[in-house]
Each structure stands twice: as structure tokens, then as C-alpha cells.
Amino acid sequence: MHAESVVRQPLVTGGKTVHDITNDICGRVEEKPAKSWMLAMALSLSLLAIGGYYVYRLLWHGIGEWGLNKTVGWAWDITNFVWWVGIGHAGTLISAILLLFRQRWRMAINRAAEAMTIFAVICAAMFPILHMGRPWLGAYWALPLPNTFGSLWVNFNSPLLWDVFAISTYFSVSLVFWYIGLIPDFASIRDRATTTVRKAVYGALSFGWDGASKTWSRYETVALVLAGLATPLVLSVHTIVSFDFATSVIPGWHTTIFPPYFVAGAIFSGFAMVLTLLLVTRKVYKLEDYITVQHIELMNIVIIVTGSIVGVAYITEFFIASYSGVEAEQYAFINRAFGPYWWAYASMMTCNVISPQLFWFKSIRTNIASTFVISIIVNIGMWFERFVIIVTSLHRDYIPSSWAMFYPKAADIGVYLFSFGFFFTAFFLFAKFFPVINMAEVKSIVKATSEKTDK
Amino acid sequence: MKNNKKQYWKGLEELTKNPEFEKYADKEFAEYLPINDESEGEGTNRRDFLKMMGFGIAAASLAACEAPVRKAIPYLNKPVDVDPGVPNYYASTYLNGSDFCSIVVKTREGRPIKIEGNKLSSLSGGGTSAQVQASVLSLYDKERLEDPVLDGKATTWDALDKAVISKLGSLSGKIALVSNSIYSPSTAAALDALKAKYSNIEEIAYDQVSFSGMLNANEKAFGKRAIPSYDFSKAKTIVSFDADFLGEWLNSPLFNKQFAKTRKLGPNKKEMSRLYSFESNLSLTGSNSDYRSAIKASQQGAYIANLYNDLAKKAGAPTVSAGKVGDSANLTKAANDLWKSKGQSLVVSGSNDESVQGLVNAINNLLGNYGSTLDLNAANNTRKGDDSKMVNFVKDLNAGNVSGVIFFNCNPVYDHALGKSIADGLKKAKFSVSTSSRKDETASLVNAIAPDNHFLESWNDAEPTEGKFTLTQPTISNLFNTRQAQQSFLAWSGDQTSYFDFIKENWKNTNFTNQTKETNFDKFWDQCLHDGAFEVASSAEAIEVGEIAVDYKARAAGSGIELVFYKNNSVGDGSQANNPWLQEMPDPITKAVWDNYLTISRKMAADLGLTPGDMTTKLVKLTANGQSITIPALIQPGQAQGTVGLALGYGRSNGGKVANGVGQNAYPMISYKNGFQEMAVTSGVTVELTDETYRVAQTQTHETYMDRSNVVQEATLSEYKKDASAGRAFPMISTYHGKEKPGNVSLWEGHKYPNHHWGMIVDMNSCTGCGACTVSCQAENNVPVVGKAEVLNRREMTWLRIDRYYSHTEEADELSGLDKLKKMEVPADNPEVTFQPMMCQQCNNAPCETVCPVAATNHSTEGINQMAYNRCIGTRYCANNCPYKVRRFNWFKYHDNRQFPENTSMNNDLGKMVLNPDVTVRARGVMEKCSFCVQRVQYGKLEAKKEGRRPVDGEITSACASACPSEALVFGDMKDPNSRISKMLRLEDGENGLEVKEERAYNMLEEINVKPNVWYLTKIRNKEESNA
């Protein structure tokens, strides 16, 4: 029998030529900032300023500016930390794992996803530092630095220390990976530059890229090596973050399901955030031909899968709690769902488990507007997931006399806004001054898949 | 060269002597400069401006970087007894109003920093109370008067004495000397001297909570107007009618000790006392009772009469006509138990009704308790106030019949029900003087204030119980220009001797001659001063108790809501209301701080339509005795239906910055009936709900222990007798080779303790929840006060807390799952109460230690989980991972911070003198917690080492254990087989190190195997029915 493979859908639509790509992407960097960009930037900067005020208050007066108390020692701070780290998962997943799996559709989105990863990890890293009582010391005492304090050394038993290593490794690998990918594109901008400043800046940024075959060969080798390095990190980072909770004795935290459940959740929220940002970028920069509905659909499928994993994990937790026969554990879960924070739990279930199921309908998962809405809902849900894990477990643990409620204060919200301010400021700066799509890679698929060249 | 006249010239102009040049030759700049013009004129010129700016910048920058001047002045001539770093201890006596306690004062470098109980004195049993513990901070109260005051202005003592003497001498009418009960023999002698000079002085004593009714009843029955001394330790059955003897009734440190003695259980003692209580508010006594009936205040008489009748029937004595009572089951039971333990029982009542107290006397007499649990021959002198005298005084004052008033260390304008008319009447007196140490509500109305010393600056003596004396000695010289009140009295009577000599002389003539042991007075005096106590057999004729005639008149029943006043264990009568340690000490029952409130039953809340939220309630308008206040309402389980409770001691207006405006003053609501103070208003009380929301700060909001047997383990006495491990829960861990004890399943290898292994026992059976330990801990460990707003944020800093749980026997019902859990959260209307002191459990497998990223909290070789504050970076992971939630975080900088004015021990120079120099004041952003008083452990070890020996058990103890009046906390070395803790736990060497053989001992949350070094002993209730 004769079987013929189906003709693949082109990954880049609109009959783009190689030159079109260069024009489309570099043009955004070269042209004057659009009004919409200025507006967005102004909004981000004002968020940053408002948040900055609360960061100042926090650093000047102390952690008491937040609503934490003797019973609930972490709330928004670590919720935000885990949430941002989770968001920071998608970039590397898309670039590294999908690269290894030779999923070429990733090429149009990996640059922005990686940038988002970098910024999200920076936002995440803010919180462990800001949440310290004495960040001016903690910021370096938490590192295993040789010192003159005597025999002082970090405690390698502590999951917080593992976090330090996990996050810093992940951040540095992601940064290098992202930057190396940028080099050929910087070189393109440099080569097209009409002003000396631009030439000098992008010249410096492109590290003297010469476009020789040997350079390209090395570039690809490095990318592959880094992808290999980054792949385990995608799984390890959130696994280690989950150890903060899993290795503790607190009912609701002390559970072995956390590592896979956290990783699935991270990919889930990361993809949702990538979608949110890309849908905006795509629209504003008119990149519909590069980021196609197919991309969106594929990402939505990842969201259904990871969302369902997370949903199963939620239910498994309940089963294990009841099966364990541990009174405190059982109470922790009943309290989660029906206690004073039932609304947080209900929000989490609705946003994370129910809403992504809508993507089973093709019409919904290929619809830009519904994807946008659900991507935001998923991120709200994932924030609540961390809030539920952290606050509802702590607020009623073993000793009923210490049970207490947590009420956020202005600074809780303010510092969260600060991280948003930073994230969007950084992302908009990236979108304006860096090529948002990996031109070099996209050009490699344009020939095979673009309609124009087929004709 | 001499003749060589060379001329040097600067320019041609000089050479030619140009007149234009000559004109400006002496000027710096030859040409015209505009600056010179301005200098001629008025105002600031450029140079001045520059100078001023330079100075301004320099001054501003100097001021900005001003280094605090800290002077450390070494001793040029070292005082003999003062060694830097070595504490001195002095026996003394706490005297405040009518309250006293025999104490030992710890001083460091000449300043008193801590108060301990005096174990050599039998007067207060070696224990203390929270107020005694806190009184050391009152010494360093910046708001005490710094000088004597005459007509509102500071003056000198000479001027004051002159004025007072001339005024007192010129008064022809009556001079009233108003005070609380005076039971200091030397003070009485000094007053006699004053009275000898001014014969028109009349002494009037009152107590905030009056015992007049009992005094009168006793006078009638025994011919002696005195309160007997009580011995609860001999009682097998105790019945209390609203007499909170474990809280604020008479001598609570001693009563706690006596009562606890009857509650101790062990392999060789399987019997304990049974306590019945009948009361309206849930008091400490009620919460420690085995059977408690919540009754209306107006019903107390009827209950006592019924009890009397029950016993009289058994004894064949005449009965009285008593009304019906609601809870007769408990009463009959009590009567039976009392009868069974005749001669070893005790019935007490807090009533101020003469006829009711007469009945109580008759009951105790029927039971043969006089001579065993009650002793009239060693009368209790601490309450002598006479209501009728006081009421008459107020009448006379307002009628203008009192020409002069001396207020001796009392504040009746605030703490007497007739305070307002005293304030009004004072205007009619020609002259008034107060010895108050602060410008309080009364002192601010008088002509002259002769501020008294704090008791820690004073010499004094006291005879709280007949024949039992105790001395007060100063532990610091006067902080301010104050003078002891007795010294003032002597001065005004024209006697120039110092009060110290006066006391000595007095003792030489009295106590010294009444004893035979010592022949040299100086030796006798030194010994008494060293011990702080002296006891002599009473020389008075012994009182024989015969038949007591009963004269009981049933009172009219109350109508409507009844308002019942009480003193709580923290602020008490309000005299120490300016002490932030007491204000922030949680009320032992409600766990509320910085407020008083109306305690109401759940049913009344429902009737009012009040549904309180998380520490959020509404204000109610309370009207009683013609007074109205708006006050927050708090639902209190155990509150008798139809009654409301209100604490005295709050609502100060001139108490000081800490005290003022905290709560509402309840004293004016107290009424008088037939000249007797009534601690309850039984008619005409209305409570109306307002719309105003109010937040009451509580340190504990969840009231039940949710039936968690890993937290509270309890049983009844009969179960305990059958099986010493009754009530214990034994969790097991399933492993692949079957079920194992949690201790046998561990990731950790455990620590080796080569030398000491410190541990603690908390006996939940003898802990009465009084809270002395919590304030002791605060004083010892420099624990900051955070204020009401921060407690509302759930951020109190106490290292030691007493968890108070309500529980009740659940009737079998069909509820399960969620509904059951929800129901468990709601305490019963008349619940059982458990007190559980919680401090760091010093886990051997400490979950906090493993999670700290910088190893700031780690394990010592002696089993103590220690905090290196300097290393802490404040991630709070340890606090989250602490299953006992005993870690406290410094959310803000609590010292030297104007944001926390309530924290007087760290935010003003004088207050800081109370800080323990052995304990670091923690910085912002670090975690802190109970250290097992590691500084005391270290000191004890070093002392022993200096003497080349091992520390002896008992010489090292934690601040909480040493303060505990009931010895519920036992601290010691578990490696020492002869230590009390080893013996109580019956430690034996086993496979896994030391094994605890005491059946009652358990570790909280045993199943998570954190292996605490704190052991709890099960709570045993002396009840008949099981309560599992």
C-alpha cells in the first residue's frame, strides 16, 4: 500500500519571504515607539513607582507592613514567589524541551517566552529577598560564601538553600540560552543600522557576530548543549521549590505529591502567561503570520493536559489525606475546601480545573478572545493555588489555640504590584528594543513552509 | 646694611604716590568691589549668607550624624556588694493597696530587674502573681511624680512639710485619713504618732473589693472582726460561691500553691481534692473546678442556704428558709461530698452580705472545718476595710463636716463606687493631701501631694497574717525626689527619726521581745532582713468556735439582667494599670488584652442580635446603677444565663499614658445596699446593642481543642485510679514491618548529650492558668510589648503563652464529617476548661533547625534549641514549620521606636533600666522564642563550676517555673537521676536512651516525632462520669 504523508500546514503564513521577516521584526526595533507602546510603558512605570513606595515602606519599617502574623509567616510573599517561578517555566520548556523534540512551531514564540521567563524569574527572586527580616544581610548570608565570621556556613539541610541554588542556576542558564539566541538577530539589526548609536549598541550586543558557517555551526551546537542543560532544570526548579513545603511537618504541606504537581502547575501557568503576552504582542506588532492560530491551539492543548494533571493532583491530595488516617492532615484538607478560606479554594478549582476544560472545544481553543480570557483566568487560579497551599495550611495547623486568619495589608498588594510593574516594564523594553521573534530560526522554516515560496 | 634703605614698590602708582592709589592702599582689593557697599548697609550680605549657609550645613549635618552619647562610668570605689555582672538578691515584700507578696528582688549593678517568690516565707508560699512580677516595671515608670507638689506646682520637701504642718495644725474639724487596709505594724505606729499630734485624725480604710460583710459576720459569730486564714491544702472538698481564690481573692499566690498541692497525682498519691464552684462569670476558680454551676448573682444566697439546709439535715441542726435553686444536682452532690470529708473541707463565698457570710460560717462550723482548713487565731489582716465607715465619710465630706483629708496611697476617686462624690466633696474640705506616687484621679484634686516611694525603694514591714511578719527593704535609692509616706507622717508629727530606724525600734520593742531564739537584736534584725520573714506564735487568746447562730434573711430575687463585677488577673484593681506588661497580659479566661468588655452568654448575644466576627464585635450600651457606658460585648462560655460580667480596673483617666483610655471604668456602677458594697447589680440593668463595630484584641480566638488527643490528653480521677495511663493517646506509625511507636521511626540519629539534658514538666492538673509565668518570662527575657493594634494583627511577642481550651462531653448525635467539625468549634454554654502552658518544646528532632538556611537556630549539646539572633536573616521558615507555633518574629523594631510608646521597657531611658542585661534586646527582622532561660542555665553552671561541683537540682530553674505559685512547671536536668524532673518522669535507661515511665507524661503531637523536651502530665478531673 502506498501511504503519503499529509502536507504540513505552513508554520509561517502570509507568504513571507526571508526579507519580509527581517523587515517585520527589525522594523519594530528601528521605528519610533508607537503611541500604544508609550502608553503601556507609562502604565508599567507608574505601577513600578506605586509598588516602589510599598517596597520602600517594607524595607524601612519592617515586614510588619505586610499582614503576616505569628501563625501565618508566609502569605503573599511566597505565593508571589512560587507563582512567578511557575510562570518562568514556560520559556525554557518551549526553548529547550521542544527544541529537543524538534517541535518547530516553537520557533516563532520561543524568544518572547524566554524573555518572559527571565523577567518572571527576576520577579520571583525579589520575593525571597524582600520577605527576609534582614535582607541586607540575608541577601548574601544565604550564599555559601567563604567569610571571616568564623565557622559560619549555610545549612545544606534547608530547602530554602536548595531554592537559592535552583533559582540561580535556572536563571543563569536561561539568561545565557536566551542571550545566545539573540546574538544573530542583534547582528541583523546592527547590519541594518542607520545611526551610529544603534550600530554601536547592537554591535556591542552582537559580540562581533560574523555570520560565517563555522559561527553558525558553533551557535547551533551551543544552543543544543544549553537545551540539554536546561531541560532537567525545567523539572528541577519547581521540584525544589515544592520541597519548601513537602519537607516540612505542616499538614497540607507535608506531601510527596508536590514535585510533579508543582511542575505540572508551573508549565500550566507558564503557558497561560506566554499566551496572554503573545496575544497582545501579536496584535500590537501585527505578527499574525508568525504566531498563528495553530500555535495558539497547540499551546492550549498543553494547557488542557497540564490543567488536568493539576486537577487530578488536587483530588489525589484529598484521597491521600483521608487514606492517611492522620487527623491533622484530614482537617487541613477539609478546612481548605470548607473552612474560612473556602472562597480561595473555590476560585482555584474553578479557574484551574474547570476553565481549561473548555479547550476541549476546538472553537474555543482556536478563538483568540476566549484563549486570552482563559489564559488570564488560569493565572489567577494558579495564584490562588499557591495562596491556598500556603495560607490555608498555615492558618490552622496542629494547635488550635494558634489558629488565626491572615488579612492582607496595602503593602502586600503594593509589593505584588511592584513585581508586575517591573515585569511589564522589562517586557515592554524588550518588545521595543529586542527582536521579539527569533528571525534566524524562523527563516530556517520559512522556505519549507511559507506559501509564497511554494508558488 | 643698616643704612641701606632700599625701597620696594609694588607698582608705579606706589612709587609715584598716586593719591588715587594711596586712598585704597590699605584695602585688600584696590579696585572698587560691590561687596563692600553692602556690608555698610543693614541686613545680610553675601559673606554673612555664605557664613550662615556654611554654618547651617555644618550644623545640620552634625545634627544628622549625631552619635548617641553613651556613658559607661566605671566604679572608682566599687561598692562592697556590687560586682558587675553578678546579681544580688534581697528579700522584700510587695505591697500594693491591700495586696502583698513575700518576694526576693534580683538586682544587677544596683537596679532591681526581676522579682522572684520568697521560698522562706510561708505567707505567699514562694509563689508570685502576674501583678507582683510586673511591679518591677512600675518602679521605672516615668510618669511617677518627680517632686512633691503643692497647689499644683512642684516644690521642695521643706516647703511642703511646712505647709502641711501649718495646715493640719490649723484645722479644727475632723481630718480623715483614707487608705486601703493597713497591716504594717510600723506604719500603724507611724500613724499613731501622727494621730498623737493631730488628735482629730480619723482613719478610714476601704478595699476595692470589700470584705465588710464577712468581717461583720465573723465579728458576730466569733467576737473577732477578722478574716480567718485558709488552708486549701487540707481540704478534700472545696465549694466556692463566687470566691475566686485562685484569681484575685485575698492571697492568690498562697491559695494557688495550697490548692495545687491537693491536685498533684503520682504513683504514690492517687487522691485529689474536688472543687465545686457556683458563680456567674467564668473565673479562674470556676475554670479549675470539677463541677461548676453557672448561677445568677442574686441566687447565691439561696444556693448557700440550700447547701446549709442539706448539711443541717445531716447534722441535725435547725434549717433556714431557703428559696428554690436551679442546679440542685450539683448542690446535693457538693453537700454529700462535704459531709463525707468533714473537717477536711472548705466552703468559701465572695459575697459581701453579712447574713450570707454568716451562713458560710455556720456551714464550715457544721463541717468542723474551724481549726483545720480555717484558722481564726492566725487571722488574715489584709482586708480590714469597713464599708459603712467609708460611706459615712463620703456623706460627711459632702456635708462639709470633714475639714482635712489625707489620702494614704489610695485612689478612691477612681476605685471607689462613690468616687465622684468624693471628688465633689473634696472641694468642701479645707485641706487635702495625698501620698500617691503619681498624679492620679484623686491626687490631681488635692492641695498637696507628698509622693511616696515605690515599694522597691522603701523600708517597711507587714503582718499579713497574725504572727507572720514580712519586711520590705529598698533595692535601689530613690529614682525621684520622693519620700516614703510613713516618713512623711513622721515628719508631719514632728518626729525626725528615719522610718528605717523607726521600724527597727518598733521591732526591737515588739517582735524581738516576743522571741527567745536570738538574744542580740542586730543579729535578729539581720536574720529577719535576710529571710524577709519572721514568724511568732500568736500571743492572743485562742478562739474557740462554738455553735453559730444562723440569721439568714433571704433577699429579694433579682430582676432582669444581672451585672457581676470581677477583678481579672492582669490589671486587677487598676492601681497598676499604667504597667504595659499587665495590660498586654492576656486575661486568663477571655485571652483578651488592652481592654475590658462585657462578657455575655451566647444566648444573650443571640437575643441582642450580635454576631461577632474574628475579634470583631459591637459596642453595647450598658446601664446599671444609674450609670451608662458603651462597651464592647464579648461572648463568654460559662457566663450564667441572664448575667453579664464586667472587669474592674480599667478606664483610668489619670493613670498615665499607658493606662488612660484603656477600657471603661466599672467602679461607679457598683452599688451599696444597707451600707455594704455589692459586687453585682441585680436589677435595673439594661444592655442595648449599638451599631458601632469594635475590635477586642485576643491572643487566642479558637476556643476548643477540636477533640485532638495529641494536644490535650485528659481523664477522670476514677479512670486514672484504674489505669494510670487513662486518657493517654498512643499514636502508632504503620511501617512495612507492622505498627511502630513514632519514636522508633526516624530519619535522624539523634543528638548526644554528654553532660546535661534540660527538660521541663508541665502538670496540666496543677496549672491553674493564673499567668504569673507569662509575665515572669516577659521580665526575664526582655520580651517587648507591642500594643493593642499589633495584638489585633496577631503579633504578640510572648514566648510563653497559656492556651485555654473549652471542652464538654458530647452527647451522642448523628453528626459526622463537616457538620461535626463545625460543631466542635463551638464551646458549650458551661464548658470544662483546660489550661495548657505552651513554650518552645525544645525538640530533639527540631523541625525549625533543619529548615533555617543559615543555621541560625540550632541544637545545643544540652538539648536546648537555641537561637543565634545575630545570624538570623528572618525568613520565618522556622516559625512556619514549628508545629507548636511558639516562635515570635520581630515584625518591627520594637525598641527605641516612637511607633511603640506602650513598650516602656524599651522606649524610654528610665524604662530600659528594667531590661535584663543577660538577654539581648532583639533587632527588627529576627526570630525569637523561649530559650529555656539559657542565661539562667549558664549562670548556674558557671557558679557550680567556680565551686568545683556539679549544679544541684533546683538551683537552675527557668523564670516561668520559679514564678509558678502552684509548681506546675518543673525544670531540670534529665541526665541527673536524682533531679526532680527525672524522678517525676521516672526516667529509666532503655534501648533508645532514656525512657519515660510515668504514665501521665506525654509529648504533645507525639506522632510527628519531633521529640520535645517538654513533657505534659495529663489533666485529671475529679468527676464521676467519664468525659472522653
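## Exercises on a predicted two-chain model

Strand 20 (residues 561–566) of chain B is mostly covered, with six of its six residues buried. Keep in mind as you work that this is a predicted model.

### Exercise 1: A covered strand

Task: Work out which residues of strand 20 of chain B lie on each face, and which strands pair with strand 20.

Solution.
- Step 1. Sort the residues by side: Ile561(B), Leu563(B) and Phe565(B) are on one, while Glu562(B), Val564(B) and Tyr566(B) are on the other. Both faces are covered, since the residues on either side are all buried.
- Step 2. Look for one partner in strand 27 (residues 680–695) of chain B, which runs antiparallel to strand 20 and is joined to it by three bridges. Here Val564(B) stands opposite Ala680(B).
- Step 3. Turn to strand 24 (residues 643–647) of chain B, which pairs with strand 20 in the parallel sense over five bridges. In this pairing, Phe565(B) has Leu646(B) as its bridge partner.

### Exercise 2: An enclosed helix

Task: Explain why helix 8 (residues 212–222) of chain B can be called largely enclosed, and find what it packs against.

Solution.
- Step 1. Count the buried residues: nine of the 11 in helix 8 of chain B are buried, so the helix is largely enclosed by the rest of the structure. Among them are Met214(B), Leu215(B), Asn218(B) and Phe222(B).
- Step 2. Find the neighbours. The buried residues pack against elements of chain B including helix 13 (354–366), helix 14 (387–399) and strand 13 (374–380). Strand 8 (227–230) and strand 26 (676–678) of chain B are also on the list.
- Step 3. Step just past the end of helix 8 of chain B, where Gly223(B) takes a positive phi of about 75°.

### Exercise 3: Two crossing helices

Task: Describe how helix 1 (residues 18–30) of chain A and helix 7 of chain A are arranged, and name the residues that meet.

Solution.
- Step 1. Start with the axes, which come within 10 Å and cross at roughly 75°.
- Step 2. Classify the angle: helix 1 and helix 7 of chain A are therefore roughly perpendicular to each other.
- Step 3. List the contacts. Helix 1 of chain A brings Thr22(A), Cys26(A) and Val29(A), and these meet Ser188(A), Ile189(A) and Arg192(A) of helix 7 of chain A.
- Step 4. Sort this contact by class, which gives three nonpolar, two polar and one charged residues.

### Exercise 4: Where the chains touch

Task: Characterise the side of chain A that touches chain B.

Solution.
- Step 1. Begin with the totals: 41 residues of chain A are in contact with 45 residues of chain B.
- Step 2. Assign the elements of chain A that give two or more residues to this side: helix 6 (135–141), helix 7 (159–192) and helix 12 (327–338).
- Step 3. Break the side down by class, and you find 22 nonpolar, 15 polar and four charged residues.

### Exercise 5: The nonpolar cores

Task: Locate the largest nonpolar core and the residues with the most contacts inside it.

Solution.
- Step 1. The largest core has 417 residues, and Val274(A) and Leu598(B) have the most contacts inside it. Helix 10 (residues 258–284) of chain A gives the most to this core, with 15 residues.
- Step 2. Follow Leu598(B) outwards: among the residues that Leu598(B) touches are Val620(B), Ile631(B), Leu646(B) and Val687(B).
- Step 3. Finish with a second, separate core of seven residues, which includes Leu265(B), Met272(B), Tyr720(B) and Ile1020(B).

Key. Residues are numbered from 1 along each chain as its sequence is written. Chains are lettered from A and ligands numbered from 1 in the order in which they are written. This is a predicted model: local features need pLDDT of at least 70, side-chain atom pairs count only at pLDDT 80 or more; totals for chains, interfaces and linings use all residues. Two residues are in contact if their C-beta atoms, placed from the backbone, lie within 7 Å. Helices (H or I, at least four residues) and strands (E, at least two) are DSSP runs, numbered from the N terminus. Ala, Val, Leu, Ile, Met, Phe, Trp, Tyr, Cys and Pro count as nonpolar, Asp, Glu, Lys and Arg as charged, and the others, Gly among them, as polar. A residue is buried if 20 or more other C-beta atoms lie within 10 Å of its own, exposed if 12 or fewer, and partly exposed in between; C-beta atoms are placed from the backbone. A nonpolar core is a set of buried Ala, Val, Leu, Ile, Met, Phe, Trp, Tyr and Cys residues joined through C-beta atoms within 7 Å. Axes are lines fitted to C-alpha atoms, for helices over the stretch in contact, and angles run from 0 to 180 degrees between N-to-C directions. Angles under 35 degrees count as roughly parallel, over 145 as roughly antiparallel, 65 to 115 as roughly perpendicular and the rest as oblique. Two strands pair if DSSP finds at least two bridges between them. Lists of a residue's contacts leave out its neighbours within four places in sequence.
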